[in-house]
Amino acid sequence: MPSETVSVRVVAKCRALTQDEMDKGGNSVVTVNGDKVKVNCAGKESVFSLDGTFGPEQTNKHVYEGAVNSLLQGAIDGYNVTIMAFGATESGKSHLMSGSEDDPGVIPILIQNLFRHIRERTNKEFMVTVSHVEILDEKMTDLLNPHNNTMTIRQHPHKGIFIDGLSELTVKTGDDIALYFTQGTRARKLGSSDIKAHRARANAVFIICLEQKERQSSKVGLRSTIMLADLAGCESANSTDPSILAGTQGILNVISALADGKKKGGHIPYRESKVSRLLQDSLGGNAATLIISTISPLDKSYPDTMTTLQYSVLAKNIKNTVRLNMDDTQDVIAEMRQDIARLRDKIASASHPDRNDIGRMEDLIRDLEIAKKQTWPEKEKMSAKYEEERKINLANKGILEWVMDSMSRGSKEHQEKMMLLQKEKGQISGQYKDKRREVDSLREQLQAKIADYAKFTESGKKSDSETKTKVTAIHELKERLKKETEALKSLKEQLVDVQQRQQQERENAKSHTSAIKGNAELRQKVEREERERMELEHKAMIDEELEKSRLEVDTEKTEIQLRAAEGKQYSTKEGSDLEIRVAEMKADRSVVALKLQTLGMEKKHILSELEEAYVSHKEEIELQQLQHYQTFRAYREMFEEQKAAIDARYRQLLEESIQDAVYLSSRNSDLTQENQMLKQQIAEMKDVITKLGGTIPDSVH
């Protein structure tokens, strides 16, 4: 098939300033117009020419219609396609690719349009599979089926560059793909242990494989791959961590090498990182590639914006060689078998076999096994196996309910946000505690040094150099303490911010599905799907065995007819033996039919019991909830009654206290008055005694 050389297309999408950025005094330094991006910061203006630009006022749908839609048509026609979101952290990559309910991203829009095109091609049959992988610090995770098996990036003569060990799940509708993408994205969020670092360093690639052939035709079909990549933040290139450098710098080094005219034909460092190796066909290979560079207009993001645009301009110079991909699986398999046979003969005839030949034959055998798994029935079979495994693996990681729960979208998004906020709060709380201990330790050290300096000065045995050394150490420790205190204050502000966001999220949440109910219903759904899958497998196995038996019987009948035609005569004994065998087979057939009938009845009975158990369990839970509510209400009523009794008793005691106080106050006044009268009488008596010369009259005696 003739090939065509095309350039990598690069467009830019500038997001709007957030309300938080504007509240903190942030300014926009980016303007877009036509195919130009202008960055004007601190009086310095830089202009970058790309293949197109999209401003803050334009939605993800505008980006899709203006840059992506034509590529989808190419994928339907049998060409490989790659769409990369490239930019710094918080520049809008994930929003561009995934979007939101109000502004769907490039991937959801592409998925729905893909199956619209498929439905229009009524003369063709399609096989569509999806995979979702995350590459974080050179470690790959299967997001749809998070197993612990080894995964390696390999190159295959039929599949091209692929990840050996990555699950491929078949899909029938756009809703199926959208569900898998959502579940993979959910697993990516909830499986992360470090939210901020994860967001900055992780590469996610969603892979859609298309295979097609004409209905009722022997013509060779077509195949194509759509790679949708949300790359790690390009600002991580400034890191010194080897794992981070391998991921981010690997892509940047490939772009630089391919764009540099002097290095054309030279070594391209695809193998420096796993993500650059996986995207080898996308940069300089067999794919029509679009890079969407996302940029932040914020003045503080100026260095990251410049890095993004500089590499974007370089990427425009990359040339890819695209060709139509023919689905030549059977030809590839036949060719591999011939090569294996030739090598086997060569090795067998040699007295000292060449190790290279042995290694080559082992590689061919491995490639042959992979190629044999590319047939449509085999892919369906493997997809069913992966579907079974993923439930177990998600459950083992404790995120089955979160990833596959059938709760409403709004409720699920709320719970995800709450969980992520809780994770972020936990991380910041840990950092705050560590920093607090460090600050307390520094403060104790500073107090000790100050006390030591005070003793030193009081001793009178001081020299200028020693005094200067101690003073300098105190000042350095004070500066360090000041710096760490500021960091502690910053962490405290972050913690308060997260708590406020949690509170806001709680206020925004209008309704929940109870966790118990969700668990029970989800468990029932998973088990029902598992039973149905097993029934289909058993039915297929029985059908296969019946077909095999029928073919054996037909073969036996043909041989008997052939022998009869040749004049073979059967003796009386042989005839009686045959009749006995036929009678036994008829008896066995009736017994098998009866067993099948009995098994069918048992199955119905078990299903009925299971449904009754689920209904009973659900009713029991609802009854328990009602009982809990009634108990709570009884306690509440008892509390209210006791509270009312206490209030009444309190009011009674208060009234009695007031009455006692009034009585005591009145009695106190009476006693005071009587005391005054007695004092007056005593005074009068003293006057009389004085007048009598200090003697008491006889009359008194």
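Contact here means that heavy atoms lie within 4.5 Å. With that in hand, a tour of this predicted model can begin with its overall make-up and then move to a small sheet, the cores and one buried asparagine.

The protein chain has 701 residues, and buried residues make up 37% of them. Its secondary structure comes to 17 helices and 17 strands. Among contacts in the chain with a separation of 6 or more, 74% link residues 24 or more positions apart. The mean pLDDT of the chain is 81, and 82% of its residues reach 70 or more. Over residues 193-197, by comparison, the pLDDT is below 50, and this stretch has eight contacts in the model beyond near neighbours in sequence. Residues 406-410 also have pLDDT under 50, with five contacts beyond four places in sequence. Where pLDDT is low, the predicted coordinates should not be read in detail.

A convenient place to look more closely is the open sheet formed by three strands in the order β3-β4-β5, with antiparallel pairing. Its edge strands are β3 (30-33) and β5 (44-49), each of which pairs on one side only. From one strand to the next, the twist averages 15 degrees. Helix α9 (residues 302-315) packs on this sheet and touches β3, β4 and β5, and its direction makes about 30 degrees with that of β5. Strands of a sheet pair through backbone hydrogen bonds, either parallel or antiparallel.

The register of the sheet can be followed pair by pair. Four bridges join β3 to β4, and across this antiparallel pairing V30 stands opposite V39 in β4. The hairpin of β3 and β4 has two residues between the strands, and within this hairpin G34 takes a positive phi near 65 degrees. On the other side, β4 (residues 36-41) and β5 pair in the antiparallel sense over six bridges. K36 stands opposite S49 in β5, while the bridge partner of K38 in β5 is V47. The hairpin of β4 and β5 likewise has two residues between the strands, and here A42 takes a positive phi near 55 degrees.

Strand β4 also shows two faces. In a regular strand the side chains alternate between the two faces of the sheet. In β4, the covered face carries V37, V39 and C41, whereas the uncovered face carries K36, K38 and N40. V37 in strand β4 has a relative accessible area of 0% and is therefore buried. Leaving aside neighbours within four places in sequence, V37 is in contact with A12, V30, T31, V32, S46, V47, F48, L50, T53, I295 and L309. One of these residues, L50, is 13 residues from V37 in sequence, with a C-alpha to C-alpha distance of 7.8 Å.

V39, on the covered face of β4, leads on to the nonpolar cores. The largest core has 49 residues, and V39 and L283 touch the most other members. Helix α7 (residues 242-259) gives the most to this core, with six residues. Not counting residues up to four places away in sequence, L283 touches M84, I251, V254, I255, L258, Y270, I291, I318 and N320. There is also a second, separate core of 41 residues, which includes V68, I107, F115 and I177.

A polar residue rounds off the picture. N80 lies in the loop between α2 (60-76) and β7 (81-87). Is N80 buried or exposed? With a relative accessible area of 13%, N80 falls under the 20% cut-off and so is buried. The side chain of N80 has polar partners in the model: one of its polar atoms lies 3.0 Å from the backbone nitrogen of T225, and a polar contact of 3.1 Å joins the side chains of N80 and N325. Beyond residues up to four places away in sequence, N80 touches S224, T225, N286, A287, A288 and N325.

Definitions and conventions. Residues are numbered from 1 along each chain as its sequence is written. This is a predicted model: local features need pLDDT of at least 70, side-chain atom pairs count only at pLDDT 80 or more; totals for chains, interfaces and linings use all residues. Side-chain values use heavy atoms; hydrogens and water are left out. Two strands pair if DSSP finds at least two bridges between them. Axes are lines fitted to C-alpha atoms, for helices over the stretch in contact, and angles run from 0 to 180 degrees between N-to-C directions. pLDDT is the predictor's confidence in each residue, from 0 to 100. Buried means under 20% relative accessible area, exposed over 50%, partly exposed in between (1.4 Å probe, protein chains only). A polar contact is a pair of N or O atoms within 3.5 Å; within protein, one must be able to donate a hydrogen and the other to accept it, and residues adjacent in sequence count only if both atoms are side-chain atoms. A nonpolar core is a set of buried Ala, Val, Leu, Ile, Met, Phe, Trp, Tyr and Cys residues joined through side-chain atoms within 4.5 Å.
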